[in-house]
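Please open the structure in the viewer and follow the selections below in order. Each stop gives something to select and what is found there.

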Amino acid sequence: MKKIVALVLAAVLCLALATACADASVYYLNFKPEQDAQWQELAKVYTEKTGVPVTVVTAASGTYETTLMSEIEKSEPPTLFQVNGPVGLANWTDYCYDLAGTELVKHLTSDAFALKSGEEVKGVAYVIETYGIIANTKLLEKAGYKAEDLNTFDKLAAAAADIQARKAELGIDGAFTSAGMDSSSDWRFKTHLANMPIYYEYQADGIGTTKAIKGTYLDNYKKIWDLYINYATCEPALLASKTGNDAVAEFVGEKGVFYQNGTWAWNDIKALGAENLTMLPIYIGVEGEENQGLCTGTENYWCVNAIADQEDIDATIAFLEWVITSEEGRKCMSQDMGFVVPFDTFTGEYASANPLVAVDAAYTAAGKTPVSWNFPTMPSENWKNMVGSALTAYAAGTGDWAGVVTAFVDGWAAEAALAE
Amino acid sequence: MEKSIKKYWPIFLLPTFAAFAIGFIWPFLWGIYLSFHKFITVSKTTFVGLNNYVKVFQDATFVSAFWFTASFTIVSTVLINLIAFMIALALTRGIRGTNIFRTVFFLPNLIGGIVLGYIWQILLNGILTHLGLPLLALDARNGFWGLIILMCWQQIGYMMIIYIAGLQNVPSDLLEAASIDGANSTQTLLQVKLPMVMPSITICTFLTLTNSFKLFDQNLSLTNGEPAKASQMLALNIYDTFYARSGAQWKGIGQAKAVVFFLLVVGISLVQLYFTRRKEVQQ
């Protein structure tokens with residue numbers, strides 16, 4: 001008995017020593033569940049090559065902040081995590097290591113993809129995404145329209161009204177797929193669609209963020225929202241319970257012609273075939289919008305944990321540099337994960353294979369101006385929720401548009417003040 | 001036997017006590033500590049004194065969540081106990097299939113609150129659509145009654161079991177004596193059975209009262225506080241404060257709300273225990 005105890009104790013001691021002497025390691029708290037398998041694979045390859053252990057943990061959808069909050073307290077905290085932009089950075093700025101001068105920053109294709117606080121680079125974007133109104137060109141042509149002709153709000157609205165009126169003849173349920181306001185889908189409207197009036201206001205005022213939004217373009221927001229809810233596959237009152245999957249099912253089942261979403265949705269809708277799909281810019285009836293492109297930007301920034309041990313920090317930066325320069329890393333990010341990666345090492349065969357990305361590239365090549373992502377400047381999650389509630393109530397008729405305006409404008413100022 | 005218990009009691013007591021201390025006392029004390037601080041992670045905190053508590057009472061959503069919770073608690077406590085007691089009465093009469101009925105009524109209790117919330121959301125929205133009424137997420141009144149239906153469905157079975165146990169424990173000689181004295185069934189129920197099952201009533205009202213007051217899962221999944229927080233209960237309000245706002249101070253305010261919430265729950269349940277205990281009789 002005593003021998004066994006002694007053996008066990010010895011084993012425990014060895015283990016403790018072994019962990020104490022273990023070399024630097026990397027722990028990545030991943031945000032995107034869709035790409036978990038690819039990150040795990042990449043981590044394994046890196047460990048085989050260099051012997052540096054890389055752990056990848058993926059937070060469940062919608063729980064990233066909570067997971068990060070508890071993980072970062074542990075004795076082995078994540079060395080690599082992400083924030084969604086300036087508002088997210090406000091919470092985590094003390095934990096972000098200054099990346100200035102690293103290869104990561106040098107390889108960025110544009111300075112705009114570095115998340116800065118003063119002169120310090122607190123985060124670097126690792127994926128650029130694009131959204132707009134995904135359209136089924138086969139159905140559009142059947143209805144007698146060409147996607148490239150729909151280059152203003154009025155033309156889009158006229159086409160939608162016409163398609164809606166002839167829905168029985170075309171064998172569809174409506175022009176737009178359901179704009180579901182369930183939490184699996186409402187971000188498409190309370191966040192992504194809401195970016196449009198914010199973008200134009202920022203442009204008009206020449207600003208990049210604000211404590212008090214004026215709502216100059218809210219009438220335009222109403223126009224596009226009216227279009228989405230009135231020319232759709234279901235009654236506006238039912239939108240409150242429609243989910244993201246409902247919209248996907250309608251679109252893939254060819255029951256709707258338009259579907260607002262982004263490049264990340266490609267896997268869901270690829271059954272329709274790349275040749276039958278395109279993306280339209282979200283027109284909201286602003287002067288000169290025929291030159292408007294798709295909404296392109298990022299809300300995914302890598303941050304290196306500043307409170308980790310220096311050797312772990314160095315190991316993490318080395319890992320990231322390997323990811324963006326090695327063959328395996330570049331192939332994995334661009335092909336397997338399907339990302340558009342904003343580093344100058346991703347050219348030629350490492351460009352993204354996602355057809356929706358190609359659509360975006362075509363718009364840019366044609367000289368259209370991409371709409372930037374301004375929603376990371378929205379004051380809080382609570383603001384988005386209140387705008388979402390107001391949109392839902394307006395759609396169902398239990399609330400009016402004034403409610404949306406209040407939530408948008410007054411809510412913005414209130415939330416911005418509360419965040420002080 | 002008694003001797004060995006005297007000798008070995010720490011072995012029996014310590015694991016449970018350790019679990020209680022680690023899982024309850026320690027986080028609880030931490031929670032109180034944090035409610036006086038501003039923090040993002042609990043290792044870096046800044047003391048802010050009573051500021052968080054001041055903000056709690058300035059927050060209109062917390063007050064409206066309190067009233068929604070209070071009315072929900074009253075309605076659900078009354079309904080659940082009343083219906084559970086009536087079913088328990090019916091199922092202690094020895095009618096055929098009593099055991100099957102008991103099992104069926106108890107079953108909903110075995111399903112988790114989140115799952116129940118989503119299932120009932122689909123069911124109730126289906127009915128509301130059919131009737132042409134606003135869906136759960138659009139009308140706080142529908143949300144309120146949806147929650148009541150859901151909670152009744154889930155809790156009645158559990159309370160029924162406790163009431164059945166209570167009713168079966170009423171001594172048969174008392175019932176016999178009552179019938180010899182010529183008491184009719186209503187009199188027996190009110191004068192004999194009810195006082196005898198008072199301990200069960202204490203337990204059941206305590207459970208339903210605190211469960212309803214602390215309700216979170218079902219609220220989150222059934223209505224998520226929609227429309228615009230009008231169906232938000234206290235627990236969800238705290239969660240929302242903690243996670244849905246940006247800025248370090250909100251974590252502390254959420255924590256302060258949680259402490260206020262704890263005091264409310266303790267206060268209300270102590271009052272309830274005092275009143276129902278007084279009615280209990282010794283056998």
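Begin with chain A in a cartoon representation: its secondary structure amounts to 18 helices and twelve strands. The model shown is a predicted one.

Next, reduce chain A to its C-alpha trace and align the view with the principal axes, along which the trace spans about 85 × 50 × 45 Å. The radius of gyration of chain A is 24 Å, which agrees with the value near 22 Å for a compact globule because the chain has 420 residues. If a contact map is available, display it alongside: among contacts in chain A between residues at least 6 apart in sequence, 74% join residues at least 24 apart.

Switch to a surface for chain A. About 17,500 Å² is exposed, and carbon and sulfur atoms supply 54% of that area. Of the 420 residues, 53% count as buried. For the charges, select the 28 positive and 55 negative ones of chain A; their mean positions lie 5 Å apart.

Now turn to the interior. Which residues have the most contacts inside the largest nonpolar core? Select A:Y221, A:W225, A:F258 and A:F408, which hold that place in a core of 80 residues.

Centre the view on A:F408 and show its surroundings. Leaving aside residues up to four places away in sequence, A:F408 touches A:A194, A:P197, A:I198, A:I213, A:L218, A:Y221, A:W383 and A:V387. A:Y221 therefore appears twice on this tour, being also among the residues with the most contacts inside the core.

Finally, move to the second, separate core, which has 39 residues. Select B:F144, B:L150, B:C152 and B:V170, which are included in it.

Technical notes
Residues numbered from 1 in each chain as written. Chains lettered and ligands numbered in written order. Predicted model: local features only at pLDDT ≥ 70, side-chain atom pairs only at ≥ 80, totals over all residues. Heavy atoms only, no water. Core = buried A, V, L, I, M, F, W, Y, C linked by side-chain atoms within 4.5 Å. Buried < 20%, exposed > 50% of the residue type's maximum accessible area, 1.4 Å probe, protein only. Contact = heavy atoms within 4.5 Å. Helix = DSSP H or I, 4+ residues; strand = E, 2+ residues; numbered from the N terminus. Rg over C-alpha atoms; globule rule 2.2 N^0.38 Å. Areas by Shrake-Rupley, 256 points an atom, 1.4 Å probe, with all protein chains shown as cover. Lys, Arg positive; Asp, Glu negative; His and termini not counted. Charge placed at Lys NZ, Arg CZ, Asp CG, Glu CD.
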